[in-house]
Structure formats: structure tokens, C-alpha cells
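Good morning, and thank you for making time for this presentation. I would ask you to keep the display in view while I speak.

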Amino acid sequence: MGSDVRSRVSAYAIAVAEGRLLLTRLSDSSPVFLPGLWHLPGGGIDPGEQPRETLERELHEETGLELLDARLVDARAYTAHRLGVNWNLVGLFYLVDLKPGPIAVTRTDDSTSAVTWMPLSGLEESRLSPAAIDSLGMIGAGEMRQ
């Protein structure tokens with residue numbers, strides 16, 4: 001990966017309701033994963049911020065929804081090269097409960113361009129970020145289409 005590597009720790013929300021997974025679409029300004037992929041709500045933990053605070057902030061910015069509860073279920077490491085930067089990303093994955101409500105991206109100048117509840121049965125691996133793919137195993141979701 002070379003000697004110029006940036007590290008990032010992110011908190012991701014795994015929200016499942018009625019056989020659907022809450023996903024956000026990455027925009028062109030996505031720092032680590034490729035734009036256009038469907039990804040989990042969440043993002044980088046700011047200095048001094050607790051992971052739960054990150055989840056609350058990112059969920060509001062990316063989905064408009066309010067966090068009720070969060071339980072850490074796993075952590076994974078990823079390497080990526082994007083926009084001239086080599087990344088070492090550690091993702092903390094939380095199974096979350098959300099306050100029901102309409103979904104909408106509330107911060108449109110960031111790394112999220114869309115949000116949707118996507119049926120688990122229709123997910124295609126080629127349309128998902130590596131973190132979203134990994135989350136499916138954490139919730140015991142079935143096989144995906146390539």
C-alpha cells in the first residue's frame with residue numbers, strides 16, 4: 001500500500017425492518033469506497049466523538065432518522081485507494097433500532113447522494129460496498145446475487 005497511509009475509524013449502522021436493509025448511496029465525494037455503491041449509514045468518528053454519537057449524527061445527516069438503540073456486533077478492517085489516498089479503515093458495526101419516520105438525506109454536500117430501504121432478498125453484491133456486504137453476514141442474511 002505504500003508509506004503514505006491514512007487511518008480512519010468509522011461507525012456503521014445496520015438497520016433491518018420488514019426484511020429490508022437501510023442503505024445509502026455513495027456520492028462522488030466518498031473518501032474511501034467507490035461512488036454509486038450502496039453503503040451502510042455511518043461514517044468517520046470525529047476526534048473526541050464517541051461511536052454512538054457518530055451513529056446519531058451520521059444517521060440524521062444521511063437518513064433523517066433518529067437512533068433509539070445501538071449494539072456493537074463486529075469490527076472489520078479494510079484497505080482502499082481512492083482520490084490519491086491509501087486508506088486503512090476500521091469499521092465498527094452496530095445493530096441499531098431507529099425511531100420510525102420518513103427517510104431523506106439531510107446533508108446533501110457530503111458523501112451520501114441517496115437513501116433507501118432495500119429488500120434483503122434483492123441485494124446484489126456488485127452494487128454494495130465491502131462494508132455493506134460484510135454486514136449481511138453479521139445479520140445472517142442469505143446468499144446474494146453476484
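I shall go through the pocket, the nonpolar cores, and then several individual residues.

Please bear in mind throughout that this is a predicted model.

Let me begin with the pocket. Rolling a probe the size of a water molecule over the atoms shows where empty space is left. The largest pocket here has a volume of about 220 Å³. Its lining comprises 21 residues, and those closest to the centre are Arg-8, Pro-31, Gly-42, Gly-43 and Ser-111. Which elements give two or more residues to that lining? They are strand S1 (5-14), strand S3 (20-26), strand S5 (42-44) and helix H1 (51-63). Sorted by class, the lining holds 10 polar residues, seven nonpolar ones and four charged ones.

From the pocket I turn to Ser-10, which is found in strand S1. Is Ser-10 buried or exposed? Its relative accessible area is 1%, and because the threshold for burial is under 20%, Ser-10 counts as buried. A polar atom of the Ser-10 side chain lies 3.5 Å from the backbone nitrogen of Gly-44. Setting aside neighbours within four places in sequence, Ser-10 is in contact with Gly-43, Gly-44 and Ile-45, and also with Leu-89, Val-90, Gly-91 and Leu-92.

Gly-44 leads us to Glu-49, since these two residues are in contact. Glu-49 lies in the loop between S5 and H1. With a relative accessible area of 15%, Glu-49 is buried. Beyond four places in sequence, the contacts of Glu-49 are Gly-44, Thr-54 and Arg-57.

Next, the nonpolar cores. The largest of them has 23 residues, and the members touching the most other members are Tyr-12, Leu-23, Phe-33, Leu-40, Phe-93, Leu-123 and Leu-128. At least two residues of this core come from each of S1, S3, strand S6 (66-82), strand S7 (85-99) and helix H2 (130-138). There is also a second, separate core of 15 residues, including Ala-15, Leu-67, Val-96 and Val-115.

What does Leu-23 touch, not counting residues up to four places away in sequence? The list is Trp-38, His-39, Leu-40, Ala-114, Val-115, Thr-116, Met-118, Leu-123, Leu-128 and Ala-132.

Ile-14 deserves a look as well; its place is in strand S1. Ile-14 is buried, with a relative accessible area of 0%. Leaving out residues up to four places away in sequence, Ile-14 touches Leu-21, Leu-40, Val-73, Phe-93, Tyr-94, Leu-95 and Val-96, together with Ser-135, Met-138 and Ile-139. The C-alpha atoms of Ile-14 and Leu-72 are separated by 9.9 Å, with their positions 58 residues apart along the chain.

One of those partners, Ile-139, is found in the segment after H2. Ile-139 counts as partly exposed, because its relative accessibility of 26% falls between the 20% limit for buried and the 50% limit for exposed. Ile-139 and Val-16 are 123 residues apart in sequence, yet 8.7 Å apart in space from C-alpha to C-alpha. Apart from residues up to four places away in sequence, Ile-139 touches Ile-14, Val-16, Leu-95 and Leu-120.

Another partly exposed residue is Leu-68, at 48% relative accessibility. Leu-68 lies in strand S6. With residues up to four places away in sequence excluded, Leu-68 touches Arg-52, Asp-97, Leu-98 and Lys-99. Between Leu-68 and Pro-100, 32 residues apart in sequence, the C-alpha to C-alpha distance is 9.8 Å.

I finish with the backbone. Most residues other than glycine have a negative phi, and most peptide bonds are trans. Against that background, two loop residues call for comment.

Glu-18 has a positive phi of about 50° and is not a glycine. The place of Glu-18 is in the loop between strand S2 (16-17) and S3. Glu-18 is exposed, with a relative accessible area of 75%.

Leu-83, likewise not a glycine, has a positive phi of about 55°. Leu-83 lies in the loop between S6 and S7. Is Leu-83 buried or exposed? At 61% relative accessibility it counts as exposed, because the threshold for that class is over 50%.

Thank you for your attention; I welcome your comments.

Definitions and conventions. Residues are numbered from 1 along each chain as its sequence is written. This is a predicted model: local features need pLDDT of at least 70, side-chain atom pairs count only at pLDDT 80 or more; totals for chains, interfaces and linings use all residues. Side-chain values use heavy atoms; hydrogens and water are left out. On a 1 Å grid over the protein atoms alone, a cavity is a set of points where a 1.4 Å probe fits but cannot get out, and a pocket is an open set with protein on both sides within 12 Å along at least five of seven lines; lining residues have an atom within 4 Å of a point. Grid points are joined across faces, edges and corners, and a volume is the space filled by probe spheres set on the points. Helices (H or I, at least four residues) and strands (E, at least two) are DSSP runs, numbered from the N terminus. Ala, Val, Leu, Ile, Met, Phe, Trp, Tyr, Cys and Pro count as nonpolar, Asp, Glu, Lys and Arg as charged, and the others, Gly among them, as polar. Buried means under 20% relative accessible area, exposed over 50%, partly exposed in between (1.4 Å probe, protein chains only). A polar contact is a pair of N or O atoms within 3.5 Å; within protein, one must be able to donate a hydrogen and the other to accept it, and residues adjacent in sequence count only if both atoms are side-chain atoms. Contact means heavy atoms within 4.5 Å. A nonpolar core is a set of buried Ala, Val, Leu, Ile, Met, Phe, Trp, Tyr and Cys residues joined through side-chain atoms within 4.5 Å.
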